[in-house]
Amino acid sequence: MGMISEYDMYLFGTGVHYDIYKKLGAHPQKSGNRYKGVEFAVWAPNAKSVHVIGTFNGWDESADEMTRLEPNGIYELFVPKAKVGDLYKYLIETKDGRKLYKADPYANYAELRPGTASRIADISAIKWTDDVWMKERRETENIYEKPMNIYEVHLGSWKRHEGYDRDTGFYTYREMAAELTKYVKEMGYTHVELMGISEYPFDGSWGYQVTGYYAPTSRYGSPEDFAYMVNYMHKHKIGVILDWVPAHFPRDAHGLAEFDGSCLYEYADTRKGEHPDWGTKIFDYSKTEVKNFLLGSALMWVEHYHVDGLRVDAVASMLYLDYGKKDGQWVANKYGGNENLEAIELFKHLNTLICGRNNGVAMIAEESTAWPRVTGNVKDNGLHFTYKWNMGWMHDFLDYMKLDPYFRKDNHNKMTFAMSYNYSEKYILVLSHDEVVHLKCSMLNKMPGLGIDKFRNLMAGYTFMMGHPGKKLLFMGGEFGQLREWSEERELDWELLEEEDHARLQAFVKELNGIYKKYPAMYQLDDQPEGFEWINADDAYRNIFSFVRHGKSGRNSLLFVINFSPMERKDYRVGVPKKKKYTLILNSDEERFGGSGAERPVTYTASASECDGREFSFAYELPPYGVAIFKF
């Protein structure tokens with residue numbers, strides 16, 4: 001008697017077997033405390049026959065033929081000799097007589113690249129001690145009112161062991177648990193977002209061309225090690241978000257492409273099933289079993305590995321049938337449009353399922369177009385994501401920041417435009433890995449000027465980002481002014497922190513992060529008009545922006561004043577909403593941030609003097625590239 005029941009096959013066939021990863025794949029069987037073999041199951045409906053081969057049978061191609069189950073075309077077999085740790089593949093004989101050697105699509109563990117086999121693992125025995133975190137997550141009343149300041153990390157290049165080469169020296173998941181958690185806590189971030197955790201063959205894809213949707217990459221250790229890292233971060237109150245890639249998969253011979261000799265996981269029509277630019281295959285979202293494969297993967301990461309959010313990669317490429325394609329390379333939907341109706345349906349199913357079963361979990365769309373209601377409720381024909389990356393804000397912000405200050409006055413609207421659509425979606429403001437590769441320069445080297453001016457510009461830019469409505473994400477290295485572009489082949493240039501300017505930038509970002517966490521005005525009403533008001537959005541000639549952030553209670557509102565010019569403004573006055581005392585809580589001119597260190601008052605009392613169209617105002621000497629945050 002196998003593990004796959006008729007009911008399992010019915011649920012899988014209708015696309016709603018949400019625990020499918022507990023049935024398909026390789027599952028060690030126990031009698032008491034002892035293992036007694038492994039149950040294998042794989043979906044290959046168009047195969048002529050399937051054998052499981054591995055270290056347990058000397059890779060003998062005739063030893064272990066699997067039994068076909070109807071009506072789905074699932075093959076299963078119990079192998080008494082197989083055990084945890086063994087490598088295996090499926091040998092699929094196609095109807096036209098070819099032999100394919102495939103890794104297990106549902107494997108929980110993989111051989112370290114360049115090996116391509118799957119490895120038997122028992123993920124049912126993982127021990128968790130993050131009950132407090134998980135309880136708080138489940139009881140989250142309103143995720144949008146909670147702080148979210150994300151540190152985006154590529155584990156293989158954040159830090160490496162001394163004397164490494166490009167293939168070795170990785171920190172393990174367990175080592176990273178201690179090192180990364182310590183750093184993230186010290187810097188004041190609330191979440192880490194991990195690039196490329198699902199198993200992938202090619203380092204240079206950064207994990208965005210996946211072959212193992214149910215396996216944490218073996219580059220950094222075992223599934224238990226990965227779970228240990230998540231558990232450890234939760235115990236230290238750090239949320240964990242994973243990048244997840246349902247948009248496409250690579251053509252590697254051991255992977256999903258033409259899995260059983262036919263286009264099983266991908267659309268058969270190459271106009272729908274292939275990305276010409278990326279050289280990858282597109283999932284066939286019309287097949288219930290393929291949708292189930294993706295839904296099960298997402299659920300496993302969230303429910304089995306306790307992950308707090310999935311950032312869904314390349315959403316736009318899924319929504320548009322003509323994405324990256326020329327005329328003749330794509331086929332319209334049944335209404336003649338360019339929308340992929342099947343992908344839209346998948347998103348609605350995915351997001352309502354994940355968030356409905358897992359309160360407090362965030363589903364995040366990397367969506368680069370003006371598609372409406374990405375974060376809208378599914379009842380209003382929205383896609384039901386929790387958040388959308390604000391790519392428009394990012395491009396406008398970087399375009400402005402790169403400019404010589406002389407030209408910024410003519411581009412002032414690039415910094416104000418995002419507020420005109422801020423409430424159309426729930427946003428995360430991002431400065432991600434994509435912005436510091438492929439000759440785009442590091443964050444620091446995007447800045448105009450020489451020497452200290454670059455650092456002052458970046459401090460002003462980061463302050464604007466932190467004050468602007470929306471959750472936050474910054475890619476690793478940006479916080480201390482990495483000079484070189486990022487590469488997955490080497491660790492960050494941590495030695496830069498021995499230089500004063502880089503250490504001061506890091507200290508400034510740490511201070512900003514601390515203010516963000518401390519004051520609910522920074523995050524509570526990101527998506528509500530009452531959470532933000534411009535004081536002066538039109539001071540283009542002087543390159544100055546001033547605005548206020550409010551929290552729900554009305555206490556501890558924050559006034560931001562940011563000077564994006566190298567000109568000192570000794571006569572600066574700022575209009576304010578109330579005749580109150582304003583306490584300076586961040587001043588970029590302090591010596592510890594590389595400023596002049598000039599003494600200045602901590603408290604400023606507004607007087608009845610009109611400025612910025614306000615009845616009350618106070619004077620503040622604004623230094624070159626000066627940043628000031630006041631609470632009131």
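Colleague: What makes the contact between α1 and α7, and which residues in α1 and α7 meet?

Modeller: In α1, the residues are L11, F12, G13 and T14, and they meet T288, E289 and N292 in α7. Contact requires heavy atoms within 4.5 Å. The model is predicted: local features need pLDDT of at least 70 and side-chain atom pairs count only at pLDDT 80 or more, while totals for chains, interfaces and linings use all residues. Residues are numbered from 1 along each chain as its sequence is written, and side-chain values use heavy atoms, with hydrogens and water left out.

Colleague: What makes α1 a helix here, and how are helices and strands numbered?

Modeller: Helices are DSSP runs of H or I with at least four residues, strands are runs of E with at least two, and both are numbered from the N terminus. Helix α1 covers residues 6-14, and G15, which follows α1, has a positive phi near 80°.

Colleague: Why are α1 and α7 called roughly parallel or roughly perpendicular?

Modeller: The packing angle is about 95°, with the axes 6 Å apart. Axes are lines fitted to C-alpha atoms, for helices over the stretch in contact, and angles run from 0 to 180 degrees between N-to-C directions. Angles under 35 degrees count as roughly parallel, over 145 as roughly antiparallel, 65 to 115 as roughly perpendicular and the rest as oblique. The pair α1 and α7 is therefore roughly perpendicular.

Colleague: How do you know on which side of α1 the buried residues lie?

Modeller: D8, M9, L11 and F12 are the buried residues of α1. These four cover an arc of only 165° around the axis, which places them on the same side of α1; the arc is that of the directions from the helix axis to the C-beta atoms. E6, Y7 and Y10, on the other side, are exposed. Buried means under 20% relative accessible area, exposed over 50% and partly exposed in between, with a 1.4 Å probe and protein chains only. The buried residues pack against β2 (34-43), β4 (67-69), β5 (74-79) and α7 (288-304).

Colleague: Why are α4 and α5 called roughly parallel or roughly perpendicular?

Modeller: The axes of α4 (173-187) and α5 (223-235) come within 8 Å and cross at roughly 20°. With that angle, α4 and α5 are therefore roughly parallel to each other. The contact includes Y173, R174 and M176 of α4 and E224, D225 and F226 of α5.

Colleague: What makes strands count as paired in the barrel?

Modeller: Two strands pair if DSSP finds at least two bridges between them. Four bridges join β16 (309-312) to β17 (362-365), which run parallel, so the pair meets that cut-off. The bridge partner of R311 is I364 in β17. The closed barrel has eight strands, in the order β9-β10-β13-β16-β17-β18-β19-β20, with parallel pairing. From one strand to the next, the twist averages 25°.

Colleague: Why is one side of β21 and of β26 left without a neighbour in the open sheet?

Modeller: The open sheet has six strands in the order β21-β22-β23-β28-β25-β26, paired antiparallel. At its edges stand β21 (532-536) and β26 (603-605), each with a single partner strand, so one side of each lacks a neighbour in the sheet. Within the sheet, four bridges join β25 (581-587) to the antiparallel β28 (627-631), where L584 stands opposite F630. Helix α15 (500-518) packs on this sheet, touching β23 (558-563), β25 and β28, and its direction makes about 140° with that of β25.
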